[in-house]
Amino acid sequence: MSPDEAPEPLDAAEPTPRKGLRAALAAQADGHGHGHGHGHGPAAPASTRVRKLLIWLLVPLALATVVGMVVLYPWGKAAPTSVVPQGTPVQASITATATGPCLANGQVQVGADTDPDQKPCQTVDLTMTDGPGNGKPLRLIVPIEPSTPRFSTGDNVVLAYNGGNATDPASFQLVDFQRGTPLVLLAALFALAVLVLGRWQGLAALVALVLSFVVIVLFVLPSILAGENPLVVAIAGAGAIMFVALYLTHGLSARTSVAVLGTLASLALIGVLSAIFSVGASLTGLDDSTSTLIGSLGHGIDARGLLLAGIVIGALGVLDDVTVTQTSAVWELRRANPSLGWRELYRSGLRIGRDHVGSAVNTLVMAYAGAALPVLLYSSISGVGLGALLGSEDIASEIIRTLAGSVGIVAAVPVTTILAALIAAREPVDHLVSTTNTP
């Protein structure tokens, strides 16, 4: 009895799908398949029937994304500024350091004895390399605290200038190290590695990455700061990033279009789950960074919506990988064995997807756990019970962020696989046969 007549369990033996799977894997070995890395050549063009179907499905979604961005963008509004003085960044180079008692400029220590309970300070001599005091020496006193960095001779640092007298040390504050050079070198090494391995597709991926940051910086951030709902802004921004990144990286093809549909459906699920459980868990979204943001803005912001927006955008990259892999697998199965129906394609594709789910979910969980490591360490020494620890605002936010994103990734596999199976099954057999050897 065929699978179309009597569906069997997903792991049951099915000769026809397994034959298609073996053929697809053989096609991969011959250079016509699609590996996990997506390093394949251009896909064969879809039939007119499939192209029309995808156009009807995707054009309304693309238009909704564009309209949403136009409506949400703060046209004509002045960019908000911080109400908390931050100071103008000024670069400097440290010429000498010394550790001793905390004495203001002009003060001297009388006697050799010091208070053993008094915290020491670091005296830092430096030369400013830009700003109003360019080339002038400066001496600053920095209290030594467990949470403050240690500066050494030769360090290139950043000062905050408050606009006062450029020769007065009180006009400056030592705030950080200069990190421009190592960051640029690492970015160049990353770009080189992508180009060497991916070549033209690697170049397309880098361009897509740059455009993704452009969407975040020029649309997502200004819209949220202007008071728009962060979750709605994130959905519109994620939609734009998804269309640009997927089509630019993987090409304008039916496979990519199905991956777009699967990604959209999974993002919607992640957004709904995050909203439901953040309300159910009474999450406020008011962590340290959000509280600092609100203080700098001088007015309120939808902190919970900001939390949800981060969840949606954070899951987008992993979803890209899952959905593209599933659509490529289904299409290769269909091309390798045109006799497969959508049920067989779905079952065989789902078997491939099961292997992908474990690694994808682990990637997301470890990424969030790594980002939340200081919070986890602090919570572990707080002396409260495990239940109170897991229920705290910071930890509960990370749990919901991780689990909602993971559910969306798991759901992306069957959702994308069944979409790909239904659409790939509509390809005429003669079209599949004529394009089987297309590079």
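This is a short dialogue about reading strands, helices and backbone angles in a predicted model.

Me: Let's start with the sheet. How many strands form it, and in what order do they come?

Reply: Five is the number to look for: the 5 strands make an open sheet in the order β3-β2-β1-β4-β5, with antiparallel pairing. The edge strands are β3 (137–143) and β5, each of which pairs on one side only. From one strand to the next, the twist averages 45 degrees.

Me: Which strands does β4 pair with?

Reply: On one hand, β4 is joined by 6 bridges to strand β1 (residues 88–100), and the two run antiparallel. On the other hand, 5 bridges join β4 to strand β5 (residues 172–177), again running antiparallel.

Me: Which residues could I click on to see those pairings?

Reply: For β1 with β4, try S93, which stands opposite N156 in β4, and then Q91, which stands opposite V158 in β4. For β4 with β5, find V157, which stands opposite F177 in β5.

Me: Where do side chains point along a strand?

Reply: In a regular strand they alternate between the two faces of the sheet.

Me: Is strand β4 enclosed or open to the outside?

Reply: The general idea is to count residues with under 20% relative accessible area, the cut-off for buried. In strand β4 (residues 156–161), 5 of the 6 residues are buried, so the strand is largely enclosed by the rest of the structure.

Me: Now the helices. At what angle do α4 and α5 pack?

Reply: Helix α4 (residues 230–250) and helix α5 (residues 254–280) pack at about 155 degrees, and their axes are 10 Å apart. An angle over 145 degrees counts as roughly antiparallel, so that is how α4 lies relative to α5. The crossing of α4 past α5 is right-handed.

Me: Which residues make the contact?

Reply: From α4 they include M242, F243 and L246, and from α5 they include V260, L264 and L267. By class, the contact has 9 nonpolar, 4 polar and no charged residues.

Me: Last one: which residues other than glycine have a positive phi?

Reply: Two examples to look up are R199 and S282. Phi of R199 is near 55 degrees, and R199 sits in helix α3 (residues 180–225). Phi of S282 is also near 55 degrees, but S282 lies in the loop between α5 and α6 (288–297).

Me: Are these two buried or exposed?

Reply: Exposed means over 50% relative accessible area. R199 has 66%, so R199 is exposed; S282 has 52%, so S282 is exposed too.

Methods: Residues are numbered from 1 along each chain as its sequence is written. This is a predicted model: local features need pLDDT of at least 70, side-chain atom pairs count only at pLDDT 80 or more; totals for chains, interfaces and linings use all residues. Side-chain values use heavy atoms; hydrogens and water are left out. Axes are lines fitted to C-alpha atoms, for helices over the stretch in contact, and angles run from 0 to 180 degrees between N-to-C directions. Helices (H or I, at least four residues) and strands (E, at least two) are DSSP runs, numbered from the N terminus. Angles under 35 degrees count as roughly parallel, over 145 as roughly antiparallel, 65 to 115 as roughly perpendicular and the rest as oblique. A crossing is left-handed if the near helix is turned anticlockwise from the far one by less than a right angle, and right-handed if clockwise. Contact means heavy atoms within 4.5 Å. Ala, Val, Leu, Ile, Met, Phe, Trp, Tyr, Cys and Pro count as nonpolar, Asp, Glu, Lys and Arg as charged, and the others, Gly among them, as polar. Buried means under 20% relative accessible area, exposed over 50%, partly exposed in between (1.4 Å probe, protein chains only). Two strands pair if DSSP finds at least two bridges between them.
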